[in-house]
Each structure stands twice: as C-alpha cells, then as structure tokens.
Amino acid sequence: MSRSRFLQIHTLHTYTGALLNRDDTGLAKQLPYGGTFRTRISSQCLKRHWRKADDVHALSEIDGAEDSFRSRELVTERVIAPLRAEFPKEVIDALEPELQKAVYGEKADKGKRSRQTLLLGAPELAWLAGEAKRLAAEATDAKAAKTGVADWAKSFKDNIKALREATALPGGLTAALFGRMVTSDPAANIDAPVHVAHAFTVHAQESESDYFTAVDDLRRDEDDSGADTIQETELTSGLYYGYVVIDLPGLIANCGGNAALAGEVVHNLVYLIAEVSPGAKLGSTAPYGRAELMLLEAGDRQPRSLAAAYRKAIANDLEVAAETLSQHLGKLDGIYATGEARRHLSMADAAPPSSAPGSLAELADWAKAKTLEAAQ
Amino acid sequence: MSADATGTGHRWLILRLEAPLLAFGGVAIDAVGVTRDFPAVSMLTGLFANALGWDRTEVEAHQALQDRLVYGARRDRANPLGLLTDSQNAQLEARERGWTTWGRPEERGGGGQGIHRRRRDYHADACIQLVVRLDPADGTPDLDALAAALERPARPLFIGRKPCLPTHPIWAPGMEVTAPTVHAALSLLAPADDADDPPWSALWPADEGPKTGRNVHRVTALADRRNWRTGLHGGTRMVVEGCIGVSPETAP
C-alpha cells in the first residue's frame, strides 16, 4: 500500500439561529458562489477555535506533548550524533553538555529528565546542527570546544531564548500545526502543514434581523419607562461545508520527526474539527453542534476540496447535501481516478463512494494510523 | 522572442485555477491586501516550487524557474459583483518575537499591541485557465516533471493564499495544447465549465501575441517578478491585457 501524503477532511455542520463570524459591519460574513450569497466562516475563525479549544481533545491535552521524552533527545540525536563521525570524540564530548545547557536550560547536561520539553522543528534543528558543526570545526581540542560553545551561547543568548519561547509546549505544538511567520528569515519560519478553507453554507443565506431590547429588572416605578437598550443583530441558520487538508510529512517534520506525536495531534484535530463550534454569542445563541457528516481521505494526489458540489445552491437539508457530495465525489472519481482511501461518519443515508463508515473515534484512530504510515 | 519561428508550435500545459475564493496578491500597503486580476509570475513560481517540494531557502532554484516561465492567463468566469473583501482581526501578543538563523531575535516593529485589523481581497467563484511552458525547455525541471509534480505534489497546493484551496486538479493528464504563442494557446482552450459568455479577459506577454487591435486593451509594464535572493519584487516585464473570444478552431 502506498504511503499517504495528505489527509483531507470534509465536514457538514449545522448551526441554527447563530452569528458565527462577522465582518466589519457586524453582519455575518458572506460568500457569493454560483449565483447566490452564502453565509461564510473564515478559516482564521475556525483555526482560532480549534487552537484555543478547552476540551478533552485540546492540543494542550496531548500526552505526548508534556511527557515527550523523545523530543528532549533531539539535540543528542539530530545535532550531536551526526558530528561524531567527523570530529574527534573529546571535542564532541566537550561540546555536547554545553550545547544541551544552552538550548534546554540549566542542568540539561544531567540527562533528558532535567530538560525542558521543546518541540524543535526542522528549521530549529537545521540551524543548531549548522552552528554545532561550525563550533566543532573551529575547536582544536576539548578545552577550545568548551570555550567556543560558551562564547556562542553568550553572544546568541537572546536568540536562543527566543527559540526556546517559540518551541516550548504547548505553544510549539500550535506552531507545528498552524505555522509561524514571525521573522523576515525564511530559514527560521515554520510553514503551516494544515490548510483550512473558508466554510460556507450549501444553500443561499438564511438570515433574520433580530430586534432585541434589554429591560432593566431593577427599574423603579418613578423612572422613565422603556428599555435600557434597543438593538438589532443578525442571526443566520446554515448547513456548512468545511474542508481541511493536512500535509502529513510537513506536520511530522514540524514535530521534530516525531511521528507518534504528529499522530496524536492529527487524532485530536479530527475530534476538534468535528466537535468544536466556531461560534460567537455563546450565551445567547448556544451555537453548538457536531459534524453530521465527516469524510476523511488519505492519498498522494493533489488535494482538492468538494466545494464545487455546492456551487449551485441546494436545500438546507442534510440528506440532500450528503447525496450531492457523494455524487460529486463519484464524478471526480470517474474522471480523475485519484484513488484516495476513505472513511466517513454520517447521519444521512447517502454514503460517499469507496468509503467505509465508522464512529468519530474510529475515524480519529484511522487518521492517526495514516499519519504513522506517512512517516515510514 | 519565445514563439517558435518554424510554426510547429510549443507544448503548453493547461492549468485550471478554480476555488470559491482565489487571490493573486499584488502590492500590499498597510493592512490592505489587494488582489490582481491574474496570477503573477512570482506566485506561479511559488505554486510550482510547492508542488516540487522545494524549501523557501532554495532561492537559486526558484529564481531559475521563474526566469524560465512563459505563460498566459484567461479568465473564463468572474464574479459579476467584483471582489470580495474579507476583514480579519488578529490579536498581537505583547511579547511576540522570533529567533533567526543570523543569531538575533526579531520583534515586531512599530505599532501598538492588541487587535490588528486587516483587509484581504479575493476573487469569489472565479475560474482562470493558464497555459504554461518552460524556456529553455530542456532545463530542470522540464515540463513533464512539472506536470508530474502538480499531479502528485509534495505539499497541498493553494491558489495565492492558504485558504484558497482548489476544487479541481490544477493539472491532470491530457491537459495540454500545442500552439506557437501564448495568445494562440489561450485561444485554443475550450471554455471552462459554466464559463461566462466570451470574450474573456486575458493576459499574455507582449511578444507572445498581438499588441494592437480591437482585443488589446493596453500594453503595460507589469512588476510581478520577485528577486528570490533578496525576497523583494523588482523589475518589470511587458504584458498585454486584452480579451480573447472564441477562436476559429473551437467556434461552432
């Protein structure tokens, strides 16, 4: 079986009487598509809610994150080990503890239990490996190596501190998923391996202008009568199509090559996408809902969304939407024969072609297994 | 001059750029991210580099590929209401800084912390067809390698911005055409699904098609070349903005 490079995630979610994502006028964001206006949820909004979710599947809850000992060996394995074939043992032995301390903090030379958990991605490891190699090459003996690395740690103190801040967990995990572009240095930034499309309703926008007043319950009879405030807001109802694609090798690289950790991240992300609401106005509209359909696809052909299935607006009806998605996917399969492996969950009767049904737990486990396969 | 003097014509890949939202970023000033009508040569270079799995630091390869790209674009479908402007709010953290490979951390310059508002323009519901070849043709990658990378890219492909995820394969086997020039190749393309009525607005290099006539709107110097070594855009190339109708070959 060929390795899957991409995991594509398609969803249908219903939110009724809500205002999920507003534009600068305070009205729901829209998308003109195929001749009708739809209600839209921006990718920025979706990602923020997945990132910040306080939930059993939150990224910060990932076991591998806080307790990942493997990540504390990255300097040993990926920075120091490659130098041993090239440079004298005493030089590397002198270099290593000082470099560990510089990266992981005080007492880091005492072993991995004394090290801070950092999620060093490919850019961090490449820079550290380059610096370590330069220091090893410049050192004539063990003493010189120790002095050299001490000088290095001192002059780059601020930079190493910034590196530590950026990669400390759980924040480092968020960057591994959603990217980091803080600097003008292309070699230090991390590309997001998770690509998120704007979600939009499969039907024409259904919106209602909600007129409301707030009444002062403590009002005395002698006060003016009437409400304290009169306002208007927009409420929309919608069945939303959402699409996410994960670059699995990219995510694994951002996790410092730790496929097990990347697998846990993907597992939890599947849950977050299915279960976390992008909602605002939580108190007044309770915009909670879980995916009524979720389709996962793993493959190595160019990822493409199924948004075009809904280019012509259909009814706000899950059965119709599931049928439309399945037919569209069947047509794409017929023309392009891209051969993705599939799993889905659905509350509708129509089933996507060549896909086996499962529960959310099974889908999340399947996604994790695909991530581990991608690393082999 | 790229057109083949023998008249046998070049082989062009046909690319289909279609998604609910597309962006062809132009010069961004302050918090306003504009979009051009057509993809820039730098954007296409980035798209292809992504497909080929190149790293951002491989600047020489990016530059060489950009220098070899010969392409034109035809907009088969446009949203009659014009551009969609998305308004975004970003929360800036007080201590946001990043390490660099030159050894000094970089911080955000100027501006207050808190909510930063910005605008991003998109083409909604558009479909753009491109014809692309590489000149010289025998460099690395060649056109076949590029096509293979588009079909099985190293990373997910997006059209201008990360959320602009395509609804169709950008390239699939059989999507090619033979023609002497960009303009001739664009004229041969069958209309996209649900295309607007012709003529369609189009862009071609000044030496790859007509420079005068009823279907030429203007000849202009387009600043869409990126210097991949410095990361800055600079320099211009002459292009024609015009329109293309149904060619004699495809007319009913």
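Modeller: A helix here is a DSSP run of H or I of at least four residues, a strand a run of E of at least two, numbered from the N terminus. This is a predicted model: local features need pLDDT of at least 70, side-chain atom pairs count only at pLDDT 80 or more, and totals for chains, interfaces and linings use all residues. Residues are numbered from 1 along each chain as its sequence is written, chains are lettered from A and ligands numbered from 1 in written order, and side-chain values use heavy atoms, without hydrogens and water.

Biologist: Which element gives the most to the lining of the second largest pocket?

Modeller: α12(A) does, with seven residues. This helix spans 318-336, and β1 of chain B also supplies at least two residues of that lining.

Biologist: What makes the space a pocket and not a cavity?

Modeller: On a 1 Å grid over the protein atoms alone, a pocket is an open set with protein on both sides within 12 Å along at least five of seven lines, while in a cavity a 1.4 Å probe fits but cannot get out; lining residues have an atom within 4 Å of a point. The second largest pocket has 17 lining residues. Ala308(A), His328(A), Lys331(A), His168(B) and Asp193(B) lie nearest its centre.

Biologist: How is the volume of the second largest pocket found, and what is it?

Modeller: Grid points are joined across faces, edges and corners, and probe spheres set on them fill the volume. For the second largest pocket that gives about 420 Å³.

Biologist: How many residues in the lining of the second largest pocket are charged?

Modeller: Eight are charged, with five nonpolar and four polar. Asp, Glu, Lys and Arg count as charged; Ala, Val, Leu, Ile, Met, Phe, Trp, Tyr, Cys and Pro as nonpolar; the others, Gly among them, as polar.

Biologist: How many cavities of 30 Å³ or more are there?

Modeller: Four. The largest holds about 150 Å³. Its lining has 18 residues, and Thr11(A), His13(A), Leu46(A), Trp50(A) and Ala199(A) lie nearest the centre. In chain A, β1 (6-18), α1 (43-52) and β7 (229-247) each give two or more of the lining residues. β7(A) gives the most, four.

Biologist: What classes of residue line the largest cavity?

Modeller: The lining has 13 nonpolar residues, five polar ones and none that is charged.

Biologist: Which residues lie nearest the centre of the second largest cavity?

Modeller: Both chains appear: Ala197(A), His198(A), Pro20(B), Pro163(B) and Leu165(B), out of 13 lining residues. β7 of chain A and β1 (10-22) of chain B each give two or more. β1(B) has the largest share, three residues. The volume is about 80 Å³. Eleven lining residues are nonpolar, two are polar and none is charged.

Biologist: How many residues does each chain bring to the contact?

Modeller: With heavy atoms within 4.5 Å as the test, chain B brings 49 residues and chain A brings 56.

Biologist: What area is buried between chain B and chain A?

Modeller: About 4700 Å², with 56% from carbon and sulfur atoms. That is the accessible area (1.4 Å probe) that two parts lose on being put together, summed over both.

Biologist: Why is the meeting of Asp86(B) and Arg40(A) called a salt bridge?

Modeller: The rule asks for a side-chain nitrogen of Lys or Arg within 4 Å of a carboxyl oxygen of Asp or Glu. Asp86(B) and Arg40(A) meet at 3.1 Å, N to O, so the pair passes. The rule finds nine salt bridges across this interface.

Biologist: How many residue pairs are in polar contact across the interface of chain B and chain A?

Modeller: There are 23, with both residues at pLDDT 80 or more. β1, β4 (84-92), β5 (97-98), β7 (114-134) and α3 (143-151) of chain B each supply at least two residues to its side. β4(B) has the largest share, six. That side divides into 23 nonpolar, eleven polar and 15 charged residues. A polar contact is a pair of N or O atoms within 3.5 Å; within protein, one must be able to donate a hydrogen and the other to accept it, and residues adjacent in sequence count only if both atoms are side-chain atoms.

Biologist: Where does Pro136(B) lie?

Modeller: In the loop between β7 and α3 of chain B. A cis peptide bond joins Asp135(B) to Pro136(B), with omega about 5 degrees. Pro141(B) also lies in the loop between β7 and α3 of chain B. The bond from Thr140(B) to Pro141(B) is cis, with omega about 0 degrees.

Biologist: What is the phi of Asp30(B)?

Modeller: About 55 degrees, a positive value although Asp30(B) is not a glycine. Asp30(B) sits in the loop between β1 and β2 (32-33) of chain B.
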